[in-house]
Amino acid sequence: MAQLIDGKQISAQVLADVARDVEILKAYNGVIPALAVILVGEDPASQVYVRNKIKRAAEVGIISIEHRLEAGTSQITLNTLIEELNQDSSVHGILVQLPLPDHLSEEEIISSINPKKDVDGFHPLNVGALASGRSVQVPCTPQGCMIMLQQIHKDLSGKFAVVIGRSNIVGKPMAALLLLANCTVTIAHSRTRDIENLCRQADIVIAAVGRAKMVKANWIKPGATVIDVGINAVDEDGKRKLCGDVDFEAVELIAGAITPVPGGVGPMTIACLLLNTLNAAKRLTA
Ligand code: NDP
């Protein structure tokens, strides 16, 4: 039976460290880290994510400033707000909750954030820095996955990792971080042939697809570590439930270690957002 990688427990430790450092920064520099959170429109899932981020920020002593804009907000209005936040020295992190309504250009908005305040790590300069081996502002979800992996493997060097999914927010930065940790990395996606066979050779499988229970037990090498990023809502026994991209009940019998959904990668993502905000505040006020 696989060891459970408990995201709630590991994230609690990360958050405790952040809270301690927030206190130190306040005591020695008089600085309280502040995160501006921009939510455009009424997307229910985005509202839940933003609420959770703001709640956790308060718990670790980080100020959050919420900007709720109506769905019809223009690109110019949003750009103007971001420019104001870029200039505001009391704001250390800027987060624009994605997805944005279709009429807004995510690319343009993300590029307009001061890279030093880009706590999501999505700005092209931060993407480029990670790709060239300098991890300054690292996207939160892959960063959380790395912290969990390091709990299991003291040294990741030489491990064969398969990342399923090549999105800019999870798959690609995940692969970059694994490469930086000296793993041998393969990225699989919807056009990849024979994913099962690739995964069967892997010491580490990261599933970031968005397809409920896609990764089956016979895809996994006995003893491998499985990190499940997916969040999927499914109907089970007439109830709406959350599940990952991995067939957890079957895979936990084969894997060496595995993350659950919920309670795995999700809590780590928020913890890493607050860690990035703290680090941005430290750099901006040093
Ligand atoms: P995207 O939809 O942006 O990317 C999904 C990726 O999966 C794509 O690269 C796609 O390939 C690939 N894919 C789709 N179908 C298959 C298939 N049948 N076989 C192999 N690959 C496939 O999703 P995200 O990266 O944004 O998110 C992935 C999952 O992670 C989602 O469930 C999301 O909700 C969850 N998530 C969880 C977070 C957390 O904090 N726990 C944070 C962020 C996301 P292609 O590029 O070829 O289309």
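Q: Which residues are linked in a network of salt bridges?
A: In this predicted model, a network of salt bridges links Asp17, Arg20, Asp21 and Lys282. To read such a feature, one looks for a side-chain nitrogen of Lys or Arg within 4 Å of a carboxyl oxygen of Asp or Glu.

Q: How many salt bridges does the count come to by this rule?
A: The count by this rule is 10 salt bridges, and a few individual pairs can be taken in turn.

Q: Where do Glu23 and Lys26 lie, and what separates them?
A: Glu23 and Lys26 belong to helix 1 (residues 7-29), and because they are 3 residues apart there, about one helical turn separates them. Their side chains form a salt bridge, with an N to O distance of 3.9 Å.

Q: How should the accessibility of Glu23 and Lys26 be read?
A: The general idea is that a residue under 20% relative accessible area is called buried and one over 50% exposed, with partly exposed in between. Glu23, with a relative accessibility of 47%, therefore counts as partly exposed, and Lys26, at 39%, is likewise classed as partly exposed.

Q: What is the N to O distance in the salt bridge of Glu59 and Arg56, and in which helix do these residues lie?
A: The side chains of Glu59 and Arg56 are joined by a salt bridge at 2.8 Å, N to O. Both residues are part of helix 2 (residues 44-59), where they stand 3 residues apart, or about one turn of the helix. On the accessibility scale, Glu59 is partly exposed at 48%, and Arg56 is partly exposed as well, with a relative accessible area of 30%.

Q: Which residue does the side chain of Glu66 meet in a salt bridge?
A: The partner of Glu66 is Arg68, and the N to O distance between their side chains is 2.6 Å. Glu66 has a relative accessibility of 36%, which places this residue in the partly exposed class.

Q: Turning to the interior spaces, how many cavities of 30 Å³ or more does the structure hold?
A: A cavity is read as a space where a 1.4 Å probe fits but cannot get out. The structure holds 1 cavity of 30 Å³ or more, and the largest cavity contains about 50 Å³ of space.

Q: Which residues line the largest cavity, and which strand gives the largest share of the lining?
A: The lining consists of Ile94, Leu95, Val96, Ile110, Ile113, Asp118, Asp120 and Phe122. Strand 4 (residues 93-96) provides the largest share, with 3 residues. By residue class, the lining has 6 nonpolar and 2 charged residues, and no polar ones.

Terms used. Residues are numbered from 1 along each chain as its sequence is written. This is a predicted model: local features need pLDDT of at least 70, side-chain atom pairs count only at pLDDT 80 or more; totals for chains, interfaces and linings use all residues. Side-chain values use heavy atoms; hydrogens and water are left out. Helices (H or I, at least four residues) and strands (E, at least two) are DSSP runs, numbered from the N terminus. Buried means under 20% relative accessible area, exposed over 50%, partly exposed in between (1.4 Å probe, protein chains only). On a 1 Å grid over the protein atoms alone, a cavity is a set of points where a 1.4 Å probe fits but cannot get out, and a pocket is an open set with protein on both sides within 12 Å along at least five of seven lines; lining residues have an atom within 4 Å of a point. Grid points are joined across faces, edges and corners, and a volume is the space filled by probe spheres set on the points. Ala, Val, Leu, Ile, Met, Phe, Trp, Tyr, Cys and Pro count as nonpolar, Asp, Glu, Lys and Arg as charged, and the others, Gly among them, as polar.
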